[in-house]
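Biologist: Could you give me a close look at one part of this model, and then show me how the rest is put together? Please explain your terms as you go, since I spend my days at the bench.

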Amino acid sequence: MNRHNPRLACRIQVSIYVTHARLTRYATCMDREEVMRVLRAFESAGLEYVLIGAAAMGFHGLVRATEDLDLFIRATPENIEKLRSALRAAYEGDPHINEISSADLLGEYPAVRYVPPTGDLYFDVMTRLGGVASFETIDAEIKEVDDTQIRVATPAALYRMKKGTVRSQDHVDAAALRERFSLRDED
């Protein structure tokens with residue numbers, strides 16, 4: 001990715017539209033305080049979202065390294081504005097937040113990747129994943145951390161999303177979820 005072209009946009013393997021790219025390296029850590037600041041901003045803005053992926057697994061006690069927060073948001077222009085508002089609160093002054101558009105998240109490839117100025121964390125934001133999942137179809141529960149309400153996909157929902165993908169890491173995650181929560185294929 002080109003540090004000198006922050007508006008670089010390209011489709012990546014899973015059809016996530018990259019709104020900009022400032023990284024020339026992989027993230028080396030995920031700052032808990034930064035994550036909590038963003039999750040508090042989501043709550044404050046009233047964003048309708050469900051945390052999925054490895055970060056969601058961590059809320060269920062299955063911790064593995066990750067450098068992003070994956071989330072589904074409700075697919076409405078108003079909710080997308082809440083997302084931008086929350087990100088502005090968490091990353092004041094970042095003009096790239098304005099590149100997150102309703103046209104992208106409500107369009108043919110309904111996902112964006114937002115890379116904040118810190119570069120140690122990024123967000124994959126989706127409104128649907130093909131016909132497999134969307135905000136409306138993901139079973140979720142509320143976890144409270146540091147007085148912040150966080151909407152997290154249930155272990156069974158995470159298992160359903162991960163068990164049939166082509167990514168080997170998803171197969172490992174699905175097996176861990178199945179074992180830890182005694183899930184069956186119908187879950």
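Modeller: Happily! Let's start at strand E4, residues 111-114, where the side chains alternate: Ala111 and Arg113 point one way, Val112 and Tyr114 the other, and all are buried. Buried here means under 20% relative accessible area, with exposed over 50% and partly exposed in between, using a 1.4 Å probe on protein chains only. Strands (E, at least two residues) and helices (H or I, at least four) are DSSP runs numbered from the N terminus. Please keep in mind that this is a predicted model, in which local features need pLDDT of at least 70 and side-chain atom pairs count only at pLDDT 80 or more, while totals for chains, interfaces and linings use all residues. Residues are numbered from 1 along each chain as its sequence is written, and side-chain values use heavy atoms, leaving out hydrogens and water.

The partner of E4 is strand E5, residues 122-126; the two run antiparallel and are joined by four bridges, where pairing takes at least two DSSP bridges. Within that pair, Val112 has Val125 of E5 opposite.

Stepping back, the protein chain has six helices and nine strands, and 48% of its 187 residues count as buried.

One well-covered helix is H5, residues 155-162, with seven of its eight residues buried: Pro155, Ala156, Ala157, Leu158, Tyr159, Met161 and Lys162. Its axis and that of helix H6, residues 168-181, come within 9 Å and cross at roughly 145°. Such axes are lines fitted to C-alpha atoms over the stretch in contact, and angles run from 0 to 180 degrees between N-to-C directions. The crossing of H5 and H6 is left-handed, meaning that the near helix is turned anticlockwise from the far one by less than a right angle, whereas clockwise would be right-handed. Where they meet, Pro155, Leu158, Tyr159 and Lys162 of H5 touch H6 residues including Asp170, Leu177 and Phe181, contact being heavy atoms within 4.5 Å.

Another helix pair is H1, residues 32-45, and H3, residues 77-90, whose axes come within 8 Å and cross at roughly 135°. The two are therefore oblique to each other: under 35 degrees counts as roughly parallel, over 145 as roughly antiparallel, 65 to 115 as roughly perpendicular, and the rest as oblique. This time the crossing is right-handed. Arg37, Val38, Ala41, Phe42 and Ala45 of H1 meet a set in H3 that includes Lys82, Leu83 and Ala86.
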